[in-house]
Amino acid sequence: MQTIRDIDTLRKAVVELKKDGAGIALVPTMGALHAGHLALVAAAKAEADHVIVSIFVNPAQFGPNEDLGRYPRQEAEDAAMLEAEGCAILWAPDAKTVYPEGFASKVSVAGVSSGMDGDARPGHFDGVATVVAKLFNQVQPDVAVFGEKDYQQLAVIRRMTRDLDLPVRIIGVPTQRDADGLALSSRNAYLSEEERAAARALPRVLGEAAAAIQEGADASEALGAARAKLEQAGFNPVDYVEMRDAETLETVSALSRPARILAAARIGTTRLIDNLAVMPVR
Ligand code: PAJ
């Protein structure tokens with residue numbers, strides 16, 4: 001595996017990989033890799049001949065009071081994992097390479113970027129869309145793989161890719177979880193032992209709400225109950241617990257099409273997000 005940090009070298013290496021018509025899959029990440037990221041790499045391998053993983057802790061998607069400074073960075077360990085998975089290239093540019101002096105452009109995806117994390121983290125999805133568009137242009141992959149863990153992000157990227165005719169096929173991979181149900185996340189590293197134990201409530205409570213709604217409970221009551229249970233478990237504040245259309249992310253109040261329950265809540269200083277499918281019973 002080659003670790004590359006400048007765009008010229010990247011372009012040459014990609015041309016080399018693509019000769020004889022080989023396909024390329026890109027897995028964008030911010031590093032501190034875990035089994036969730038590696039599931040994306042496995043899906044990427046199944047979709048293309050060569051896998052390129054990017055690691056870039058993107059300043060543009062962090063708010064002024066967020067965790068950019070303390071976001072875990074462990075590139076050597078990450079590189080060893082990716083090498084073992086048989087990745088062809090680790091693309092690890094620095095901030096000056098991605099945002100050169102005078103950088104002034106932005107990709108903004110209306111609609112799906114608003115509400116939920118779009119409200120809780122102003123500017124976040126503009127930062128994500130901009131960097132992902134840049135990564136697509138830098139790497140020029142045939143396929144790019146993202147996790148359902150960040151469900152609204154996946155919707156933003158799908159919308160952007162369609163809207164801008166980006167020649168990249170987007171693949172979504174189901175959320176990978178620990179044995180107790182908590183979604184794997186680089187941010188779980190921030191949790192104390194007690195917080196980690198309490199955090200289990202997040203997937204459990206969403207599962208209970210999803211089951212209740214599927215069984216016919218009133219959605220707004222079930223979502224309100226879920227919020228109360230999260231608060232009781234020690235989450236403070238609960239940013240949102242919402243049900244949205246699984247595809248358009250439009251607000252839905254009754255279950256007629258596949259939907260998704262999405263939530264974000266803080267435990268101690270750590271903000272966790274999760275989401276689950278809710279299927280209309282036929
Ligand atoms: P990061 O949080 O590092 O996540 C990289 C990719 O891994 C995302 O597509 C995310 O949804 C996926 N992922 C994380 N945890 C997962 C889990 N438990 N199961 C399945 N997939 C999981 O998301 C980002 O980075 C950034 O916003 C990025 C897209 C790289 C743009 O900067």
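The expected span of a helix is 1.5 Å times one less than its number of residues. Helices (H or I, at least four residues) and strands (E, at least two) are DSSP runs, numbered from the N terminus.

Before you start: this is a predicted model, where local features need pLDDT of at least 70, side-chain atom pairs count only at pLDDT 80 or more, and totals for chains, interfaces and linings use all residues. Residues are numbered from 1 along each chain as its sequence is written, and side-chain values use heavy atoms, with hydrogens and water left out.

**Exercise 1. Check the span of helix H10, then work out which side of H10 is buried.**

Step 1. H10 runs over residues 219-233, and its 15 residues should span 21 Å at 1.5 Å a residue. The C-alpha atoms at its ends are 21 Å apart, so the two values agree.

Step 2. Now pick out the buried residues (under 20% relative accessible area; over 50% is exposed, and in between is partly exposed; 1.4 Å probe, protein chains only). In H10 these are Ala219, Ala222, Leu223, Ala226 and Leu230. They sit on the same side of H10, because they cover an arc of only 95 degrees around the axis. That arc is taken from the directions from the helix axis to the C-beta atoms.

Step 3. Flip to the face turned away from the buried side of H10: there you'll find the exposed residues Ser220, Glu221 and Gln232.

Step 4. Ask what does the covering. Helix H9 (201-214), strand E7 (238-245) and strand E8 (259-267) are among the elements over the buried residues of H10; contact here means heavy atoms within 4.5 Å.

**Exercise 2. Follow the chain out of H10 and say what the backbone does.**

Step 1. Glycine 234 follows H10, and its phi is positive, near 115 degrees.

Step 2. Go on to proline 237, in the loop between H10 and E7. The peptide bond that joins asparagine 236 to proline 237 is cis, with omega about -5 degrees.

**Exercise 3. Take two non-glycine residues with positive phi, alanine 32 and glutamine 140, and decide for each whether it is buried or partly exposed.**

Step 1. Alanine 32 has a phi of about 55 degrees and lies in the loop between strand E2 (24-29) and helix H2 (35-47). Its relative accessibility is 8%, so alanine 32 counts as buried.

Step 2. Glutamine 140 has a phi near 50 degrees and is found in the loop between helix H6 (124-139) and strand E5 (143-147). With a relative accessible area of 45%, glutamine 140 is partly exposed.

Step 3. Look back at H6, which glutamine 140 follows. H6 is mostly covered, with 15 of its 16 residues buried. From first C-alpha to last, H6 reaches 22 Å, close to the 22 Å expected.

**Exercise 4. Describe how domain 1 and domain 2 meet.**

Step 1. Set the bounds: domain 1 is 2-173 and domain 2 is 186-275, as given by an automatic or database domain assignment. Their centres, taken over C-alpha atoms, are 26 Å apart.

Step 2. Count the players: 22 residues from domain 1 and 18 residues from domain 2 take part in the contact.

Step 3. Get the buried area (accessible area, 1.4 Å probe, that two parts lose on being put together, summed over both). The two domains bury about 1700 Å² between them, 51% of it on carbon and sulfur atoms. Arg70, Met116 and Tyr151 supply 41% of the area that domain 1 buries against domain 2, more than any other three residues.

Step 4. Look for salt bridges (a side-chain nitrogen of Lys or Arg within 4 Å of a carboxyl oxygen of Asp or Glu). The rule finds 3 across the interface of domain 1 and domain 2.
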